[in-house]
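Open your viewer and get ready to select residues by number. Each stop below tells you what to pick next and what you will find there.

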Amino acid sequence: MSEFFLELFSEEIPAGLQRNSRNALIASFQKLFEEKQILFKKSSSFSTPNRLIVLFEGLSKEITQKAEEIKGPNVNAPEKAIEGFLRSNQIDKKNLLKKKVEKGEFYFFKKPSKKINTINLLEEHVPIVIDKLQWKKSMKWGNYSLNWARPLKSILAVFGGKSLNFKFHHLTSSNTTFTDKEFEDKQKIFKDFKSYKIFFKQSGIIIDHNLRKEFIVKEFEKISNKKKFTIESNNKLLDEVTDIVERPNVLICNFDEKFLSIPKEILIITMQFHQKYFPTFDKKGKITNKFLVVANNKDIEGFIKVGNERVVDARLSDAQFFWDKNKSQNLVKQVSKLKTMNYFKGLGSYFDKIQRMRKLGGMISDELLISKDQVELSASICKVDLISDLVGEFPELQGIMGGYFAMEQGFDKEIALALSEHYLPTGLDSKTPKKPFSIALALTDKIDTLVGFFGVNQKPTSSKDPYALRRSALGIIKLLIDNNKEFKIKDLISYSSSLHRDQGFEISNDLSQKELAEFLMDRLRYYMKEKKIRNDIIEASISSYGIDHMNKIYKKASTLNELIKKAVGEDIIASYKRASNILESELKNKDLELSNTTDPGIFKNDFEKNLFKKINELRKYFTNINKDENYTESLTNLSGAKKVIFEFFDNVKVNDEDAYIKKNRLELLQMLCRTFDNYINFSNIETK
């Protein structure tokens, strides 16, 4: 058993490209080995900023390719096609066999089994695999034809201790690599991955990105325990930092405490997104003036620490200047400036958008029984922070800064909170606004956005969503579900469309309202799937209610999904299916017409009477429940009917010889099924 070890050494590759390439490369080699019937025990891929590494362990030095029968062209095919088949398989026509199959008579070639040296196969196919590697961004180097993320300098390729010999563009593979990225005259021979890994470990380089991440996390924990502060979990940043260092060294740095007077979001954005640093917090969750830097070397002289502190101080000085300047600029007086800020072609300026939002927000305020004036005021000023220097410098803070400006200028706390939260929620795990004014403003903004973009035919495609409309739709759904609210969404969409037209904007997509409603329902399906709700339950609930009841759809589906495998759920499905199967079978007779009622006057026994009584009890329950339906209680009541239903079926012959009796009993079953369907459409539920 042998080892295949490949290293591609280049100039520094950005973190995002590293992750994609190491995953794509290992997958390509796994596919190749599967196609060529090369077995292996273990496969791994690693990367550092300069090195992309693939490792396969437990490969055979020799593989036996099984004999196989290869199908060629039809015997009546043109001579050129037959010659091409002979040429591609390097055989003569005398080697061909004729064989009749389903689609006619074809030539076949029996390819004998043969043994192949794995090293020869690798030398042939490794350059092909590497050449197929796709980069999101690539460049050419000098006069070379190779497109690569960054200039590729060398290829180390070893199998079973021996160097592979192949050409790849301007490079020839070998068993050597550069040991120092700064001084490329330093090279070393490696015959296996173990010696390679040990050598770099002794140099302080951790080749395995997983081990680098573990090392950084452990260092964070040590520092956190020693210094008595916490580090906010940010796995995305941690992964990025892991991929931009190879000799990780965690440093504790400080910035001037005077900057703690700036809103904490500015400090966090500056450190995390702009500098790739990790802010720290005290035990009460308050940000401190200490931050962690993952350097790429030891900082013996302390220059790295000082340099990073200077960078942060400079950026925070700019942020403080902008904060002091922007916080006192009157939000209301700046609204008119939004007239010069384009929103989207065909949808006007941001000023036009907030005018629509004011009126739409007023309609939503009526539903929430909150101050219309306050909602309209919130809508009027919610986009003003877009023209501030701070949001220009830190675009991630739009909305959040508006909330801070409002607080500084003495606006009501709930208005300030609404401004800061009106872009939320931004995803499945995002925080959802809970306060009425925040709900109203967030919902208003998202509906206006969706109606506008659908109206000018800019809806998402299967692969692209440049304006994040799926996120807006999911935001609406989370606002409703997380707050247990229902709104007349169809009316809000219609009113929003009319507001666009009133401003003179042409809603060119006449079907936009219908398409938007379908889009929202599709996003609801996605949301429920992410919540692990069974697909048949999703479809049953969606087919039962419309867009104005998305919260109800979710809650009913979620409750049934939770109980379907328990006794309650099993009893309901068993009862419903027993009745619906008979109905479905009998209704195939087109001459049979059932009315919506049944006649208790011709019941022949107590089992019919008991079932009729139980149905009426259930109907009365569903008639009397209000908006605060207890879905578990509803399912429990339906489950409780099982005894009466089964006694009916065990003792009553539905298909009575008397046509009137049979019809009456079928109508009774129809009443039963329709009563159950007050919850959701149980006919869509699969029996599993």
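Start with helix H12 and its neighbours: the buried residues of H12 pack against helix H7 (264–274), helix H8 (303–326), helix H11 (389–393) and helix H13 (413–421). This is a predicted model, so keep that in mind throughout the tour. Now select residues 400–408, which make up H12, and colour Met401, Gly402, Gly403, Phe405 and Ala406, which are buried. An α-helix has 3.6 residues a turn, so residues three or four places apart point the same way. Just after H12 comes Gly410, with a positive phi near 85°.

Stay here and add Trp323 to Phe405. How are the rings of Trp323 and Phe405 arranged? Their centres lie 6.0 Å apart and their planes make an angle of 20°, so this pair is stacked. Trp323 belongs to helix H8 and Phe405 to helix H12, so 82 residues separate the two in the chain. Trp323 has a relative accessible area of 4% and is buried; Phe405, at 3%, counts as buried too.

Next, move to the sheet. Which order do its strands follow? Five strands form an open sheet in the order E2-E3-E1-E11-E12, with antiparallel pairing. Strand E2 (42–47) and strand E12 (162–163) stand at the edges with a single partner strand each, so one side of each has no neighbour in the sheet. Select strand E11 (residues 152–159) together with E12: two bridges join this antiparallel pair. One residue to click is Phe159, whose bridge partner in E12 is Lys162. Strands of a sheet pair through backbone hydrogen bonds, either parallel or antiparallel.

Now show helix H3 (residues 118–131), which packs on the sheet and touches strand E1 (2–10), strand E3 (51–59), E11 and E12. The direction of H3 makes about 30° with that of E1.

Time for more rings. The model holds 42 aromatic pairs. For one of them, select Trp135 and Trp148: the ring centres are 5.1 Å apart and the planes stand at 65°, so the pair is edge-to-face. Trp135 sits in the loop between H3 and strand E9 (139–140), while Trp148 is in strand E10 (residues 147–148), 13 residues apart. Are these two buried or exposed? Trp135 counts as buried at 12% relative accessibility, and Trp148 is buried with a relative accessible area of 3%.

For a group of rings, select Phe5, Phe46, Phe190, Phe193, Tyr196, Phe199 and Phe200, which form one aromatic cluster.

Two stops show a charge over a ring. Arg523 lies over the face of Tyr526, at 4.4 Å from the ring centre. At Arg578, the charged end sits over the ring of Phe646, 4.7 Å from its centre.

Finish in the nonpolar cores. In soluble globular proteins, nonpolar side chains tend to be buried together. How many residues does the largest nonpolar core have? There are 134 residues in this core, and those with the most contacts inside it are Ile489, Leu520, Met550 and Phe682. Helix H14 (residues 436–455) gives the most to this core, with eleven residues. Centre the view on Met550, which touches residues including Ile476, Leu480, Ile489, Leu520 and Leu524. For the last selection, try Phe33, Val54, Leu122 and Trp148, which are included in a second, separate core of 36 residues.

Definitions and conventions
Residues numbered from 1 in each chain as written. Predicted model: local features only at pLDDT ≥ 70, side-chain atom pairs only at ≥ 80, totals over all residues. Heavy atoms only, no water. Buried < 20%, exposed > 50% of the residue type's maximum accessible area, 1.4 Å probe, protein only. Helix = DSSP H or I, 4+ residues; strand = E, 2+ residues; numbered from the N terminus. Contact = heavy atoms within 4.5 Å. Pairing = 2+ DSSP bridges. Axes fitted to C-alpha atoms, helices over the stretch in contact; angles between N-to-C directions. Phe/Tyr/Trp six-rings, centres within 6.5 Å; stacked < 30°, edge-to-face > 60°. Lys NZ or Arg CZ within 6 Å of the ring centre and 35° of its normal. Core = buried A, V, L, I, M, F, W, Y, C linked by side-chain atoms within 4.5 Å.
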